[in-house]
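User: Hello! I am new to this structure and would like to learn how to read it step by step. Could you show it to me?

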Amino acid sequence: MSFEFNPTITMNLILSVIVMVFAWFRTRNHNVDDKFKAGSDRMDRHDKRLTVLEQTVGVMPDKDDMHNLQIEMTRMVGRLSEMQAVMEGNAKIMERLETIVSRHEDHLIEGNKR
(Lines give C-alpha, C1' and ligand atoms only; values in the text may rest on other atoms or scores of the structure.)
Protein backbone atom coordinates (compact mmCIF):
# COMPACT_ATOMS: atom_id res chain seq x y z
CA MET A 1 0.00 0.00 0.00
CA SER A 2 1.56 3.16 -1.09
CA PHE A 3 0.46 6.68 -0.41
CA GLU A 4 0.78 9.28 -3.00
CA PHE A 5 1.54 12.80 -1.95
CA ASN A 6 -1.22 15.05 -3.18
CA PRO A 7 -0.39 18.67 -2.24
CA THR A 8 -4.01 19.82 -2.53
CA ILE A 9 -5.40 17.35 -0.04
CA THR A 10 -2.38 17.50 2.27
CA MET A 11 -2.34 21.30 2.41
CA ASN A 12 -6.06 21.39 3.06
CA LEU A 13 -5.65 18.86 5.85
CA ILE A 14 -2.73 20.74 7.41
CA LEU A 15 -4.61 24.05 7.14
CA SER A 16 -7.73 22.50 8.71
CA VAL A 17 -5.70 21.13 11.63
CA ILE A 18 -4.00 24.51 12.14
CA VAL A 19 -7.35 26.33 12.10
CA MET A 20 -8.80 23.78 14.51
CA VAL A 21 -5.89 24.15 16.94
CA PHE A 22 -6.02 27.96 16.70
CA ALA A 23 -9.78 27.98 17.34
CA TRP A 24 -9.35 25.66 20.32
CA PHE A 25 -6.67 27.89 21.88
CA ARG A 26 -8.67 31.04 21.13
CA THR A 27 -11.91 29.81 22.69
CA ARG A 28 -10.07 28.19 25.60
CA ASN A 29 -8.29 31.46 26.37
CA HIS A 30 -11.59 33.36 26.18
CA ASN A 31 -13.25 31.00 28.67
CA VAL A 32 -10.33 31.27 31.05
CA ASP A 33 -10.44 35.08 30.86
CA ASP A 34 -14.20 35.08 31.53
CA LYS A 35 -13.80 32.74 34.48
CA PHE A 36 -10.90 34.79 35.84
CA LYS A 37 -12.96 37.99 35.53
CA ALA A 38 -15.94 36.36 37.28
CA GLY A 39 -13.66 35.06 40.04
CA SER A 40 -12.04 38.46 40.40
CA ASP A 41 -15.44 40.14 40.69
CA ARG A 42 -16.52 37.60 43.30
CA MET A 43 -13.33 38.19 45.29
CA ASP A 44 -13.95 41.96 45.14
CA ARG A 45 -17.46 41.45 46.54
CA HIS A 46 -16.09 39.24 49.32
CA ASP A 47 -13.44 41.82 50.10
CA LYS A 48 -16.09 44.53 50.44
CA ARG A 49 -18.22 42.31 52.67
CA LEU A 50 -15.22 41.50 54.86
CA THR A 51 -14.36 45.19 55.14
CA VAL A 52 -17.91 46.03 56.25
CA LEU A 53 -17.87 43.13 58.71
CA GLU A 54 -14.52 44.20 60.17
CA GLN A 55 -15.78 47.77 60.61
CA THR A 56 -18.95 46.54 62.30
CA VAL A 57 -17.12 44.19 64.64
CA GLY A 58 -14.44 46.81 65.33
CA VAL A 59 -16.89 49.22 66.96
CA MET A 60 -18.68 46.57 69.02
CA PRO A 61 -17.88 46.37 72.75
CA ASP A 62 -15.41 43.72 73.81
CA LYS A 63 -15.52 41.52 76.91
CA ASP A 64 -13.83 44.16 79.08
CA ASP A 65 -16.41 46.77 78.07
CA MET A 66 -19.23 44.36 78.86
CA HIS A 67 -17.66 43.52 82.23
CA ASN A 68 -17.35 47.22 83.09
CA LEU A 69 -20.96 47.73 82.08
CA GLN A 70 -22.04 44.87 84.33
CA ILE A 71 -20.10 46.36 87.27
CA GLU A 72 -21.68 49.79 86.73
CA MET A 73 -25.15 48.29 86.55
CA THR A 74 -24.53 46.47 89.83
CA ARG A 75 -23.47 49.77 91.40
CA MET A 76 -26.62 51.44 90.07
CA VAL A 77 -28.79 48.70 91.59
CA GLY A 78 -27.10 49.34 94.95
CA ARG A 79 -27.66 53.08 94.66
CA LEU A 80 -31.30 52.53 93.74
CA SER A 81 -31.73 50.34 96.82
CA GLU A 82 -30.26 53.14 98.95
CA MET A 83 -32.64 55.64 97.34
CA GLN A 84 -35.58 53.31 97.99
CA ALA A 85 -34.65 53.07 101.68
CA VAL A 86 -34.37 56.86 101.93
CA MET A 87 -37.73 57.32 100.18
CA GLU A 88 -39.38 54.83 102.56
CA GLY A 89 -37.92 56.75 105.51
CA ASN A 90 -39.22 60.01 104.07
CA ALA A 91 -42.67 58.46 103.61
CA LYS A 92 -42.73 57.42 107.29
CA ILE A 93 -41.67 60.93 108.35
CA MET A 94 -44.44 62.40 106.17
CA GLU A 95 -47.00 60.09 107.80
CA ARG A 96 -45.92 61.26 111.27
CA LEU A 97 -46.04 64.90 110.17
CA GLU A 98 -49.51 64.42 108.69
CA THR A 99 -50.65 62.91 111.99
CA ILE A 100 -49.24 65.86 113.94
CA VAL A 101 -50.77 68.40 111.55
CA SER A 102 -54.13 66.60 111.76
CA ARG A 103 -54.01 66.81 115.56
CA HIS A 104 -53.22 70.52 115.40
CA GLU A 105 -56.09 71.09 112.98
CA ASP A 106 -58.49 69.12 115.17
CA HIS A 107 -57.36 71.06 118.25
CA LEU A 108 -57.76 74.40 116.50
CA ILE A 109 -61.18 73.48 115.14
CA GLU A 110 -62.43 72.18 118.49
CA GLY A 111 -60.90 75.16 120.33
CA ASN A 112 -62.99 77.59 118.33
CA LYS A 113 -66.20 75.65 119.12
CA ARG A 114 -65.86 76.10 122.87
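User: Which residues form a nonpolar patch on the surface?

Analyst: Good place to begin, and please keep in mind that this is a predicted model. The nonpolar surface patch consists of Leu-13, Val-17, Met-20, Val-21, Trp-24 and Phe-25. Together these side chains offer about 620 Å² of accessible area.

User: Where is Val-17 placed, and is Val-17 buried or exposed?

Analyst: Val-17 belongs to helix α1, which covers residues 7-58. As for the second part, the label lies between your two words: Val-17 is partly exposed, because its relative accessibility is 38% and that class runs from the 20% limit for buried to the 50% limit for exposed.

User: How many helices and strands does the chain have?

Analyst: The chain has two helices and zero strands. Helix α1 is the one you have just met, and helix α2 takes in residues 63-113.

User: What share of the chain is buried, and how much area does the chain expose?

Analyst: Of the 114 residues, 1% are buried. The chain exposes about 11500 Å², and 63% of that area comes from carbon and sulfur atoms.

User: Now I would like to read the charged side chains. How many salt bridges are there in the whole structure?

Analyst: Here is the general idea: side chains of opposite charge can pair when their charged atoms come close. In this structure, a full search gives three salt bridges.

User: Which residue meets Lys-37 in a salt bridge, and how many residues apart are they?

Analyst: The partner of Lys-37 is Asp-41, with 3.3 Å from N to O. Both sit in helix α1, four residues apart, or about one turn of the helix. Lys-37 counts as exposed because its relative accessible area is 51%, while Asp-41, at 31%, is partly exposed.

User: What about Glu-72: which residue does its side chain meet, and in which helix do both lie?

Analyst: Glu-72 forms a salt bridge with Arg-75, at 2.7 Å from N to O. The two lie in helix α2, three residues apart, again about one turn of the helix. Glu-72 is partly exposed with a relative accessible area of 36%, and Arg-75 is also partly exposed, with 45%.

User: And which residue does the side chain of Lys-63 meet?

Analyst: Lys-63 pairs with Asp-64 in a salt bridge of 3.7 Å, N to O. Lys-63 is exposed at 68% relative accessibility, whereas Asp-64 is partly exposed at 46%.

Terms used:
Residues numbered from 1 in each chain as written. Predicted model: local features only at pLDDT ≥ 70, side-chain atom pairs only at ≥ 80, totals over all residues. Heavy atoms only, no water. Patch = residues over 30% accessible without salt bridge, like charges linked within 9 Å, V, L, I, M, F, W, Y side chains within 5 Å. Areas by Shrake-Rupley, 256 points an atom, 1.4 Å probe, with all protein chains shown as cover. Salt bridge = Lys/Arg side-chain N within 4 Å of Asp/Glu carboxyl O. Buried < 20%, exposed > 50% of the residue type's maximum accessible area, 1.4 Å probe, protein only.
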